[in-house]
Amino acid sequence: MAGTLAEKVWDAHVVRRAEGEPDLLYIDLHLLHEVTSPQAFDGLRLAGRPVRRPDLTLATEDHNVPTTPGPITDPVSKIQVETLRRNCEEFGVRLYPMGDADQGIVHVVGPQLGLTQPGMTVVCGDSHTSTHGAFGALAFGIGTSEVEHVLATQTLPLKPFRTLAVNVRGALPEGVTAKDIVLAVIAKIGTGGGQGYVIEYRGDAIEALSMEARMTVCNMSIEAGARAGMIAPDQTTFDYLRGRPHAPTGADWDAAVAEWTALRTDDDAVFDAEVDLDASALTPFVTWGTNPGQGLPLSASVPDPEEFADESDRLAAANALAYMGLEPGTPLRDIKVDTVFVGSCTNGRIEDLRAAATVVQGHRVADGVRMLVVPGSAKVRLQAESEGLDKVFTEAGAEWRLPGCSMCLGMNPDTLAPGERSASTSNRNFEGRQGKGGRTHLVSPLVAAATAVRGTLSSPADLETAGRPQGELASATTGEA
Amino acid sequence: MDAFETHTGVGVPLRRSNVDTDQIIPAEYLKRVTRTGFEDGLFAAWRKDESFVLNNPVYADGSVLVAGPDFGTGSSREHAVWALMNWGFRVVISSRFADIFRGNSGKQGLLTAIVSQDDVELIWKYLENSPGAEITVDLVGRTVHAGEIVAPFEIDDYTRWRLLEGLDDIGLTLRHEDLVADFESHRPSHKPVTTPA
C-alpha cells in the first residue's frame, strides 16, 4: 500500500501491534538533558530497573548552563545539572557536560555528531526534538513518564497520528530564509493548525534548503502544534552526514544510503491534509504578538485587533498588543529593540552565525542595544572562531558567548528585564519566555543582525539603502540558501 | 507498581469540589529532581489553615481520600499523583475525576474510585462521626465499605486489570520484552550507537 514518509518510518519501528491498543514503537535514539530527566531516572531507581540501551542514549547539559565563563550560580540550575551527572554515571549513559568539546544544545549536538540519520525514531524530553525530522527521522518530544519508559524499554506505546503535507514551491527571494518560511507557515495555519499531525515539508523550495536550514524549519513544527516535522532525505542529507563521527562507513554506508533513498512518500500516497505556500512571494517575517502564529512580513504594520474576524483572535491580538506595548498601525520597521539574541536550537548553527556575521561586518551594534551571540554547541563555537566570526561580532560590539539554550528560555542568567524588547532568532515569543515581562519578536538571523545595527526591526536590505555596498549583502544569504 | 486487590486504611473526608492540581501540589514544588518527598507540598496552601482536615492528627495515617466532584482538574502535572502517594494515599474517592489526573493516577498505581455523590455524602458523614475510622476499598468486588455503608464504585476494566496485576506502563511493555529483543536482533548494523565512534 502507498505510504507517506512518516508512515514508512513508523511501520519500520513497530515492535508490537494489537487490536485496540497503541502500537509499541522502537526508539533508535534517546536524547536527554538536565531539566526533564531527573524524575525519570528516579522512577527507574524506585523500581530497580536499569537503562535498557545506554548505547542508544545520549545526554548533554544545555538548558541551565551559563554562557559566560564560570560555574553555575543559580542553586536550582546547579542541582539539575549535578543530578544529571550523577544519573548518567550511575546508569552508564554517555554525557557531554559543560566545557566538553561535544557539549551543546541537544538538538544541535545530535545532528552534528551524525547520530541523527534518516529513517530513525528519535525522542527527547523536549518539544523541539522535531528538529531531527530534517533528516527524514520521525522525531518528537515526550514527557517525563515517557522518558522513563524509553530508558527502561527503548520503546514507547504510541497512538497513530495524521499526516499533513506543507508544500512550499518556488524559489526563495534573496534575503529570505528558512526561518521566514516556517514563520509564514505558522502564521498561515495557526498555532493549533498542526495538532495531531506529523508535517512533511515538501516542494522545490524545501529541497533547495541546506540541512541546517531544514532543521530550522522542522524545529518550529511544534509551534504549529504538530507532533513532528519531516523532510525526505536526499543527496543534501547524505552529503551532510558523510564523514561525521557516528555516520556509517564502508559497506554500512552503502547499505544505509540504499535504505535512505527509499524513504520517500509514494507518488500515490494520500495525506490527511495539505497546505500550499508560494516561496517566491515570501519576504522577511517577524512576529508582533505573543504566540508564534502572530507574525507578519516586516514591511507590514502592527495589526488592529478590530480587523480580526474571529472573536477569540481579536481578544488574543488585543491582549498581545497590551503585553507587547504596541499600538495598531505602527510600522513594524519602527519598533525599537533593546536586545538582539542570535542562537538557540532554531538558529544557533554555523550557517546562522555566518549569515548574521556577514550582515554586521563593518557595522556597529546600535547605541543602547545589546547583541548576544550564543553558538548552539561547543563545536559551532570553535568553527565560528576558526572562521573569525567571533571577531566580527565583538568588533561590532556584540557579546560572543559560550554555547547553550541561553536567552531562548532564560533558565540561565541570560534574560530580558521587565519591559525589555528583543529581536530573537529563537522559537517562542510567549509572555515571559525570555524573562518576566520581556517582549520577544521572532526573526531570522539576517533580520536579527540588521536589527542590531539599526536598533529597529530591519532587514539587511535596509542597511543597503543606507549606503552599503551590494556585493557583501549577496553573500549574506548564501549560508542559508 | 504494587498489585492492588483490597486496601483498608483511614478515610479522610475532604469536603471540597474542583480540587485542582495547583491545590494538590503548587507550582513552586515542581523544581525538584526527585519523585519522592512531595508530601510536604500536598495541599500546601490549605494546610496553612489549622482547621484543614489533614492537620488533624487522627488523619496522619490517612490513605483513602474522600473528595467532592471534579477532583484533579487543571495542569497535567504528574506531581499531583506523586504528592498524594508520597503522603500515603492509595485511593481517592470522588463522584467525578479530571481525565488527565485519572490517567496519571492509573499509571502510578493510585486507585481513583468513582462513587455516586449520594454515597460520598454518606461516607463523609460516617467519617466525620467517627474520625480516624478505616474504610475498605475492594477492587475485586468494586465496592467501598465504610461502617455499615457498602457503596459500589466505577473504574474502567483496563485500569482495573492493570491495578490488580500491578502493571504500570513500563511493566506492561516489559511483558513483551521478547518482542523487543527480537526487534533489536533484526536492526540494521548501520544504525548508530552513542558510545565513542
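Select B:W82 first. At 5% relative accessibility, this residue is buried; buried stands for under 20% relative accessible area, exposed for over 50% and partly exposed for anything in between, with a 1.4 Å probe and protein chains only. The model is predicted, so local features need pLDDT of at least 70 and side-chain atom pairs count only at pLDDT 80 or more, while totals for chains, interfaces and linings use all residues. Residues are numbered from 1 along each chain as its sequence is written, chains are lettered from A and ligands numbered from 1 in the order in which they are written, and side-chain values use heavy atoms, with hydrogens and water left out.

**Aromatic pairs in chain B**

Rings of Phe, Tyr and Trp (its six-membered ring) pair if their centres lie within 6.5 Å; planes under 30 degrees apart are stacked, over 60 edge-to-face and the rest tilted. By this rule there are 16 aromatic pairs over all chains. Add B:F38 to the selection: the ring centres of B:F38 and B:W82 are 5.8 Å apart and the planes meet at 45 degrees, so this pair is tilted. The two residues sit 44 residues apart and link distant parts of the chain, with B:F38 in the loop between α1 (21-24) and α2 (44-47) of chain B and B:W82 in helix α3 (residues 79-87) of chain B. Helices (H or I, at least four residues) and strands (E, at least two) are DSSP runs, numbered from the N terminus. B:F38 counts as buried because its relative accessibility is 0%.

Move next to B:F71 and B:F97, an edge-to-face aromatic pair with 6.2 Å from centre to centre and 75 degrees between the planes. This pair also links distant parts of the chain, 26 residues apart: B:F71 is in the loop between β2 (62-67) and α3 of chain B, and B:F97 is in the loop between β3 (91-94) and α4 (99-108) of chain B. Both B:F71 and B:F97 are buried.

**Chain B as a whole**

Show all of chain B, which has 8 helices and 7 strands. Its C-alpha atoms fill a box of roughly 70 × 40 × 25 Å along the principal axes. Of the 197 residues in chain B, 50% are buried. Contact means heavy atoms within 4.5 Å; among the contacts in chain B with a separation of 6 or more, 68% come from residues 24 or more positions apart.

Colour the surface of chain B by element: about 8,900 Å² is exposed, and carbon and sulfur atoms supply 47% of it. Accessible areas come from the Shrake-Rupley method with a 1.4 Å probe, and for residues only the protein chains shown count as cover.

**The open sheet of chain A**

Switch to chain A and select strands β15 to β19. These 5 strands form an open sheet in the order β17-β16-β15-β18-β19, with parallel pairing. At the edges are β17 (399-400) and β19 (439-442) of chain A, each pairing on one side only. Two strands pair if DSSP finds at least two bridges between them. Strand β15 (residues 339-342) of chain A is joined by 4 bridges to strand β16 (residues 370-373) of chain A, and the two run parallel. Within this pair, A:V340 stands opposite A:M371 in β16(A).

**Strand β4 of chain A**

Select strand β4 (residues 57-60) of chain A. A:T57 and A:A59 point one way, A:L58 and A:T60 the other, and all are buried. Its parallel partner is strand β3 (residues 29-32) of chain A, joined to β4(A) by 3 bridges. Look for A:H30, which stands opposite A:T57 in β4(A).

**Covered helices of chain A**

Helix α2 (residues 38-47) of chain A is largely enclosed by the rest of the structure, because 7 of its 10 residues are buried. The buried residues of α2(A) pack against β3, α3 (75-91) and α5 of chain A together with α3 of chain B. Just after α2(A), A:G48 has a positive phi of about 65 degrees.

Go on to helix α5 (residues 144-153) of chain A, where 8 of the 10 residues are buried. Among them are A:V147, A:V150 and A:L151. A:Q154, just after α5(A), takes a positive phi of about 60 degrees.

**Two last stops**

Which residues form a cluster through ring pairs? Select A:F238, A:W253 and A:W260, which are linked in this way.

End at A:T216, in helix α8 (residues 211-219) of chain A. A:T216 is buried, with a relative accessible area of 0%. Leaving aside residues up to four places away in sequence, A:T216 touches A:A178, A:K179, A:V182, A:T346, A:N347, A:R349 and A:D352.
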